[in-house]
Amino acid sequence: MNKKAGPLFYIFLAIFVFAVMFPFLWMLVSSIKPITELFGDKAFTPFTSHPTFENYVSVFTNYPFLKYLWNSFVVSGITTLYTVLIASFTAYAIARLQFKGKTVILGLVLSVSMFPQIATISPIYILLKNIGLTNSYLGLIIPYTTVTLPLSIWILVTFFRKIPFDLEEAAKMDGASLMQTYWKVILPLAVPGIFTTAILVFIAAWNEFLFALTINTDDKLKTVPVGIAMFEGQFTVPWGDITAATVIVTIPLVIMVLLFQRRIVSGLTSGAVKE
Amino acid sequence: MEVKLNPKKQPKPVKPSSGNKRKASESRLGYMLVAPSLILILLIAVWPVLQSFYYSMFDLRLNNPTKSEVNLSYHIDLEKYLNSYPFLITTLEDEAGKAAGSAADTLNGLVKELKDVDAGIQSDAAVKKQYDQVDDKLTNMEPVSDELSSVKVDKADAMKLDETLHKVSAKVKALKGLENEEDALGLSSSLNEAVIKPNFIGLDHYKSNLTDKRMWMAIWNTSAFTIISVFIELVIGLAIALLINKAFFGRGLVRATILIPWAIPTAVSAKMWQFLYDGQNGVVAKIFEKVGLVDNATDLLTSNIGAMFSIIFTDVWKTTPYMALLLLAGLQTISSSLYEAASIDGATKWKQFTTITLPLLKSSILVALLFRTLDAFRVFDLVYVLTGGGPANSTETISILAYKRMFEQTNFGDGSALSVIVFVCVAVISMIFIKFLGRDLLNDK
């Protein structure tokens, strides 16, 4: 296989990167155009001679956008912390301990991660409505577990399996109990894996749409994806606001991806590749 | 790694018998550690699926007070009952006093029948107790909880009440010209609403859905979307993975580029593409029109084929990079010495691809296909935001249809039946894949 990269390869690469990024670049350009330039002939010019921030101001003044961001942040943050904690115990047990039925449990976890969300929504919605948890943070955190818990167990099991088994044997010889082995030997080595899992779980919770759409219908409790999807103008679609909002949610994402790309890739591909 | 232990504790000597003990305690610890996750999964994922199936056998409508809950037996809503019954009796007695001859007899007869039915309902001791409690609360103007208000009654009593009330309405109407005719009719019909009939309907929702054109259309749309988009994603993803499986300058940048479409919320990317596809002002629509992909820029979101194409195109843009990443990881596990040996033997690039790359990549491809197929089959956000299922339901997927039944028509019974159908489809697809993958997916090594 040709391992050298020629000039043709770089041209291809440049085209590829441009094609993938084009929508974002266009949103960035459109977001600083005055609203009048989003319609008519000027809609197709890739620059503007009157750059403005009015769209950005509008996003924060005409919608509770800051509230949307905060809601998403709180819900995703709490979901991530508690699922990763619980999942790390389970993943450790499945990956490192010997007990009957663990393959079955892992199989159950994997099948649950394949459940379509729509199949769980009606009982969850009716239950949350009856106990008064619709339009609350907890009302989203609870159902998000369906998505995030199997995901984190699945990724963490692969990470825990990669830790050399000799270390445990050594700890056992020194007379350490199983819990001591976990806290003092395994956990410190698993920190990178746990961190990676946390990033992926956070992204999954941040992006969730169906539960957020149906359970939190109050404007003050909407999350970012639902909030942006529901942007509505009085007479026309508020494209200016939508472009600005998209740029606002994409920028932190770009920074996060640039910082953690190696971790994200290792998390995404773990479990999917046999090494 | 240094292992620091509590120095005060003497290390336990390892006796031969401690092996079994340790094994037992290892098992116990294993179950303890697994328990919280297992309980959560059973409660928040397995129970709802089973409950969905249960709901799907009822005529469950959240906007209709007599069908808003699952009822296997006849119930009476005592609050409603006691808010109407005494007044209906007084109204009828009043009218009987004013009327003369046969009209008075008829009205008195109705009063007697109603009282008989009421006595019948109260004859059950448990019902009687609840009946009195609700009555007291109503007299004292206290709120009545739903639980206290609802009481299970015999089918015969409930049917009798229903029947008598119909008779009352009919006779009151037949008498004509009663002073308070409207009151009597109103009270009689609100009293009738207090009777809650069982809404168990068995598999009727499935029967009606499986013969419903719209349901089959949704299945067709979902399958077409899944097969076409996953196929394109696999081909392009594999091509990209093969191309970038080498050392080159700017790897990090390319990897980041790949990850951004994957990481952005689907709903947000759908909204973004809605702007780009817009018939008047969308730049992508304009480009497609210029290169001749569509006749007219407005066709993209307003024609059936155009809308389906738009959804597939957006999905390909968003998830091909993810596919490429999964396949790239698989490619990197193939040793380069295999290719070296093959080229020494004079195998062509194509021959190397079909005899080395594809067979060794098989399980990676299958896993990527499995995840992507299931994801595509349950597609919701993308369609909901980009087209809403339109135009003319041409992009309505099965999840969208189930959502509309539940949250737009508040028909949770029928919606649950549809979601069970989605679940069964997904289960069948995964079984097919797992048959090909074997137990590879779960094995330790």
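**Notebook: two residues and two helix contacts**

I began with Leu161(B), whose place is in helix 6 (residues 155–175) of chain B. I note at the outset that this is a predicted model.

*Entry on Leu161(B).* I asked whether Leu161(B) is buried or exposed. I found Leu161(B) buried, because its relative accessible area is 1%, and buried means under 20%. I then looked up its contacts, leaving aside neighbours within four places in sequence, and recorded Ile76(B), Tyr81(B), Val117(B), Ile121(B) and Val195(B). I also took the C-alpha to C-alpha distance from Leu161(B) to Ala194(B): the two are 10.0 Å apart in space and 33 residues apart in sequence.

*Entry on Ser136(A).* I turned to chain A, where Ser136(A) sits in the loop between helix 5 (118–130) and helix 6 (137–162). Ser136(A) has a relative accessible area of 16%, so I entered it as buried. I asked what the side chain of Ser136(A) reaches. I found the backbone oxygen of Leu133(A), at 2.7 Å. Beyond the neighbours within four places in sequence, I listed Asn216(A) and Leu221(A) as contacts of Ser136(A).

*Entry on helix 1 and helix 11 of chain A.* I next examined how helix 1 (residues 7–31) packs with helix 11 (residues 239–269), both of chain A. I noted an angle of about 125° and axes 8 Å apart. The two helices are therefore oblique to each other, and helix 1 of chain A passes helix 11 of chain A in a left-handed crossing. From helix 1 of chain A, I listed Phe24(A), Met27(A), Leu28(A), Ser30(A) and Ser31(A). These meet Ile242(A), Thr243(A), Ala244(A), Thr246(A), Val247(A) and Thr250(A) in helix 11 of chain A. I sorted the residues of this contact into 6 nonpolar, 5 polar and no charged.

*Entry on helix 1 of chain A and helix 9 of chain B.* I then followed helix 1 of chain A to helix 9 (residues 213–244) of chain B. Their axes come within 11 Å and cross at roughly 135°, which makes helix 1 of chain A oblique to helix 9 of chain B. I recorded this crossing as left-handed. Which residues meet here, in helix 1 of chain A and helix 9 of chain B? I found Phe9(A), Phe12(A), Leu13(A) and Phe16(A) meeting Ile240(B), Leu243(B) and Ile244(B). I counted 7 nonpolar, no polar and no charged residues in this contact.

Methods:
Residues numbered from 1 in each chain as written. Chains lettered and ligands numbered in written order. Predicted model: local features only at pLDDT ≥ 70, side-chain atom pairs only at ≥ 80, totals over all residues. Heavy atoms only, no water. Axes fitted to C-alpha atoms, helices over the stretch in contact; angles between N-to-C directions. Helix = DSSP H or I, 4+ residues; strand = E, 2+ residues; numbered from the N terminus. Parallel < 35°, antiparallel > 145°, perpendicular 65-115°, else oblique. Left-handed = near helix turned anticlockwise from the far one by under 90°. Contact = heavy atoms within 4.5 Å. Nonpolar A, V, L, I, M, F, W, Y, C, P; charged D, E, K, R; others polar. Buried < 20%, exposed > 50% of the residue type's maximum accessible area, 1.4 Å probe, protein only. Polar contact = N/O pair within 3.5 Å; in protein donor to acceptor, adjacent residues only side chain to side chain.
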